[in-house]
Amino acid sequence: MTSMPESVAPRPDGREVTVRAPAKINLHLGVGPARPDGFHPLCTVYQAIGLYDDVTAAPAAAWGVDVEPVGDVDVADVPLDDSNLAVRAGRLLLEHHGRDDAAHLSVSKGIPVAGGLAGGSADAAAALVAVDRLFDLGTPDDDLLALAGELGSDVPFALIGGTALGEGRGELVTPVADHGAWWWVVLPSGEGLSTPAVYREYDAGHPGDTERPDALLAALESGDPEQLAAALRNDLESPAFALRPDLPGTRATLEATSAAAVLLSGSGPTLLALARDAEHAREVVGELGDVPVLYAPGPVHGAHVLAGEA
Ligand code: C5P
């Protein structure tokens, strides 16, 4: 029998913890001019939707990661070295506690990669919670949120989930009232889009602003899909469309369905269509024919333990 690499070999006690974290969409993405540190000030409204990555952490002699696709998700571009955001998250948390343990992370990926759905951020958030539980670290929530903010602008939101206002560069999150049971049709793109490239294109002349989106916040409180449809906005849509001339045509295809509204997800290229309810989401999927498409409810919970306590 060939032996497994040391980092993959299960420990004799078989301890492992699995944590699930959701994809995010931005119902409002207001972007201001670049700050001196190169990041852009945001006023965004995040919503966690029911597409998930699961991260299973097990103690190991050295850090390692493997990635399994769920369904049609293409995982070819996910790094499997120390640059993987889940590995960086696990290491950062153990360093924070002054420990030199290591873990192997197995990622089961249901969130399309490089799509503007923050799948890498979901993995980082899940890894923070999984490694915390695995080694019984008892990290206070505020410390987890601060570490998450160091890892990436969207990682704190993946921890809290639900619907939240994001400020700063997106890392300062505050839950907001959301009385809707929303349904989204999610149209991934075969090819990813680089977030820094979209922000550079924004800098080249697609100004937005960081005003508080009062109409959108009122629509969320109302729970009315027509109100929400009228209030959705994404300042990265024009720059993403400038980089990807195929996207306006895809948007038009979605607009030709009975969906209430169409929106670019984050920095793209995934496009979203808002449905009135679950049945209508299935109808919109049917109207799209053979196009590979997903649908998901929102809001859903942030990173949470699925199985296995240390
Ligand atoms: O924070 P995160 O690592 O996810 O950001 C990825 C990249 O997106 C940054 O390096 C930056 O180019 C861009 N970004 C930005 N302003 C933000 C968030 C991200 O310019 N508020």
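This passage walks through the ligand site of a predicted model and then turns to a few residues elsewhere in the chain.

The ligand comes first. Around it sit Gly38, Phe39, His40, Leu42, Gly152, Ser153, Arg169, Thr195, Pro196 and Tyr199. Sorted by class, that shell has 4 nonpolar, 5 polar and 1 charged residues. Helix α5, which covers residues 195-203, gives the most to the shell, with 3 residues. As for where the ligand sits, the space it takes up is the largest pocket.

Some of these neighbours pair up with particular ligand atoms. His40 has a polar side-chain atom 2.7 Å from an oxygen atom of the ligand. For Ser153, a polar side-chain atom is 2.5 Å from an oxygen atom of the ligand. Arg169 makes its approach through the backbone: one of its N or O atoms there lies 3.0 Å from a nitrogen atom of the ligand. On its own the ligand has 450 Å² of accessible area, and the protein covers 73% of that.

Next come two acidic residues in helices. Asp123 belongs to helix α2, residues 119-134. Its relative accessible area is just 4%, so Asp123 counts as buried. The side chain of Asp123 also has a partner, since a polar contact of 3.2 Å links it to the side chain of Lys109. Glu150 is part of helix α3, residues 141-151. With a relative accessibility of 56%, Glu150 is classed as exposed, because the cut-off for that label is over 50%. Along the sequence, Glu150 and Glu171 are 21 residues apart, while in space their C-alpha atoms are 8.7 Å apart.

The backbone has some quirks too. Most residues other than glycine have a negative phi, and most peptide bonds are trans. Against that background, two alanines stand out. Ala114 has a positive phi of about 50 degrees, despite not being a glycine. Ala118 does something similar, with a positive phi of about 60 degrees. Ala114 is located in the loop between β4 (102-109) and α2, and Ala118 is in the loop between β4 and α2 as well. Ala114 is partly exposed, at 45% relative accessibility. Ala118, by contrast, has a relative accessible area of 16%, so it counts as buried, the limit being under 20%.

Cis peptide bonds turn up as well. One runs from Gly268 to Pro269, with omega near 5 degrees, and Pro269 sits in the loop between β9 (261-264) and β10 (271-275). Another joins Gly298 and Pro299, where omega is about 0 degrees. Pro299 lies in the loop between β11 (294-298) and β12 (304-307).

Conventions:
Residues numbered from 1 in each chain as written. Predicted model: local features only at pLDDT ≥ 70, side-chain atom pairs only at ≥ 80, totals over all residues. Heavy atoms only, no water. Near = heavy atom within 4 Å. Polar contact = N/O pair within 3.5 Å; in protein donor to acceptor, adjacent residues only side chain to side chain. Areas by Shrake-Rupley, 256 points an atom, 1.4 Å probe, with all protein chains shown as cover. 1 Å grid on protein atoms, 1.4 Å probe; cavity = no way out; pocket = protein on both sides within 12 Å on 5 of 7 lines; lining within 4 Å. Sits in = over half its atoms within 2 Å of the grid points. Helix = DSSP H or I, 4+ residues; strand = E, 2+ residues; numbered from the N terminus. Nonpolar A, V, L, I, M, F, W, Y, C, P; charged D, E, K, R; others polar. Buried < 20%, exposed > 50% of the residue type's maximum accessible area, 1.4 Å probe, protein only.
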